[in-house]
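Work through the following exercises with the sequence and the structure at hand, and try each task before reading its solution.

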Amino acid sequence: MSASAEVTMFRGLLATKLGWTFDDNDTSQLAEVLGKRSETHGLSRSRYLGRLAREDWDDELTTLAEDLTINETYFYRHGEQFRVLAEVALPERIEARSTQRVLRMLSVGCSSGEEAYTMAIVARETQPGPDWIISVQGLDANPAVLHRARTGRYSAWSLRETPDAVRQRYFHANDGDFELDAGIRSAVRFQQYNVATDDEVLWRPDQYDVVFCRNLLMYLTPQVQESLIQRMTRALSPGGYLFLGHTDSLGSRPDGLEPQHTHHTFYYRRLQRSVSSAGAVPAFAAPARGHVPVPPGPVESSVHDRAMRLLLDERFTEALRLIEAEPTDGRAPRDVLLHGVLLAHAGRLEEAEMLCRRLLDVDGLYADAHHQLAVCLEGGAAVDVAIGHYRLAAYLDPDFAMPRLRLGLLARRRGENRIAMPELDRALGLLRRERDERIALFGGGFGRIALTTLCRAELDACGAYR
């Protein structure tokens, strides 16, 4: 078996055994780990792979999890989600649990414990009285990081986003590190868990008030993603909350969940509707390819078609004049969006922004309106706020190439190549099937080929092809 074939087989086994997926950029790392592990066992690579394929080799899978996981995290990471936890999710769940006085939460892919402990701290700060029980379960496949989590000792760097009041109340300096308060540590339990496997007790229906699963789905195979989302949805109490990472998305209409948008972030709430007689929520279904959540409206008018043709010809002034000659009452959302795009081309950013915000007042899940609002904000120098709306657009519609491209270009402008590369790479893949109308609206006069060339050039500048 050739070296490349061995690495391909190794990737396949990791997908089967752990549910993890790797792309071509990870080939060198996988080859290095494969060589190291086969050498450790005194086996050739092919014999090592054969044993890994045939046996339930749990100890070896544990070691592979240690060698291949990335564990960069810190307390209060993505603080906007913890503000939602404190100000929206927990107050609602506390009201729902007022008779039991118990809050149960889950951190999936908890790494070295910072996320799970932050959840416990926020709950402790929010609970209405000392007689409430706070229970947080942290799950990870890597026993080394779980061991660190159980010690409850962290460096100052892990506390870099922790509010000063929280640091003073719950952390104690100890020999150059910070030791977490024993009361918080007692509220959190950690368990080694492989997300490619099921566990009836862990995923018992309706038991968790809040589940965090951030920046994990992107590393899993589609089959394991779908299975894990089903389990998390089923295990949430009706009205419970699911928080994902900014790179993860269930689309705009996930079964059993309703998207929420506050505090400049997206999250999900388990529907309160009744479930089937078997007690299960509807199975998760991936969002339809290319779906955009647009309020219903009439079929495109001839005015829209003519304005689009003028836009394609870069005759922006004529297109805007044509659109503005039409009555504004009862216009379809796509006509309003086109008007906003043309206003932005004309430099009338405040008017364009106002139209986009009106669209989002009607449907906050309209990905195209979030994108165009970001274009207006970026042009008005509100770049950080624009980035938030680009992220929302990409989050709402995972097939939308244009916000990924803008995020990559903005990161490149800031010299943040590590952030730019995955966004540009994602945009490059999505551009092949991006809708013609979206390229016309948001491509800035560039066609599909020109945008693809731009993506490749920026990736090359990041060092992706070296």
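## Exercise 1: Cysteines

In this predicted model, the count of disulfides comes to 0. Explain why C356 forms no bond with the closest cysteine sulfur.

Solution. Begin with the cut-off, which asks that the two sulfur atoms of a disulfide lie within 2.5 Å. Next, find the closest cysteine sulfur to that of C356, which belongs to C376 and is 4.7 Å away. Because this distance is too far for a bond, C356 and C376 are not joined.

Now decide whether C356 and C455 are buried or exposed. A residue is called buried under 20% relative accessible area. C356 has a relative accessibility of 2%, and therefore counts as buried; C455, at 0%, counts as buried as well.

## Exercise 2: A sheet

Determine in which order the strands of the open sheet that contains β3 are arranged, and which strands form its edges.

Solution. The open sheet is formed by 3 strands, and following them across gives the order β3-β5-β4, with antiparallel pairing. The edge strands are β3, residues 153-154, and β4, residues 171-174, since each of them pairs on one side only. Looking then at β4 and its partner β5, which covers residues 177-180, one finds an antiparallel pairing over 4 bridges. Within this part of the sheet, H172 stands opposite E179 in β5.

## Exercise 3: Aromatic rings

Describe how the rings of F75 and Y154 are arranged, and say where in the chain the two residues lie.

Solution. A search of the whole structure finds 13 aromatic pairs, and F75 with Y154 is one of them, with 4.9 Å from centre to centre and 90° between the planes. Planes over 60 degrees apart count as edge-to-face, and the pair of F75 and Y154 is accordingly described in that way. F75 is found in the loop between α4 (58-68) and α5 (79-96), whereas Y154 belongs to strand β3, so that the pair links parts of the chain 79 residues apart. Both F75 and Y154 are buried.

As a further step, look for the aromatic cluster formed by Y76, F82, F212, Y241, F243 and Y267. Finally, turn to the charged residues beside rings: R160 lies over the face of W157, at 3.9 Å from the ring centre, and the charged end of R167 sits over the ring of F178, 5.8 Å from its centre.

## Exercise 4: One residue in a strand

Find out whether T265 is buried or exposed, and which residues T265 touches.

Solution. T265 lies in strand β10, which covers residues 265-270. With a relative accessibility of 1%, T265 counts as buried. Leaving aside residues up to four places away in sequence, T265 touches E80, Q81, V84, H246 and Q260.

Definitions and conventions:
Residues are numbered from 1 along each chain as its sequence is written. This is a predicted model: local features need pLDDT of at least 70, side-chain atom pairs count only at pLDDT 80 or more; totals for chains, interfaces and linings use all residues. Side-chain values use heavy atoms; hydrogens and water are left out. Two strands pair if DSSP finds at least two bridges between them. Buried means under 20% relative accessible area, exposed over 50%, partly exposed in between (1.4 Å probe, protein chains only). Contact means heavy atoms within 4.5 Å. Rings of Phe, Tyr and Trp (its six-membered ring) pair if their centres lie within 6.5 Å; planes under 30 degrees apart count as stacked, over 60 as edge-to-face and the rest as tilted. A charge sits over a ring if NZ of Lys or CZ of Arg is within 6 Å of the ring centre and within 35 degrees of the ring normal.
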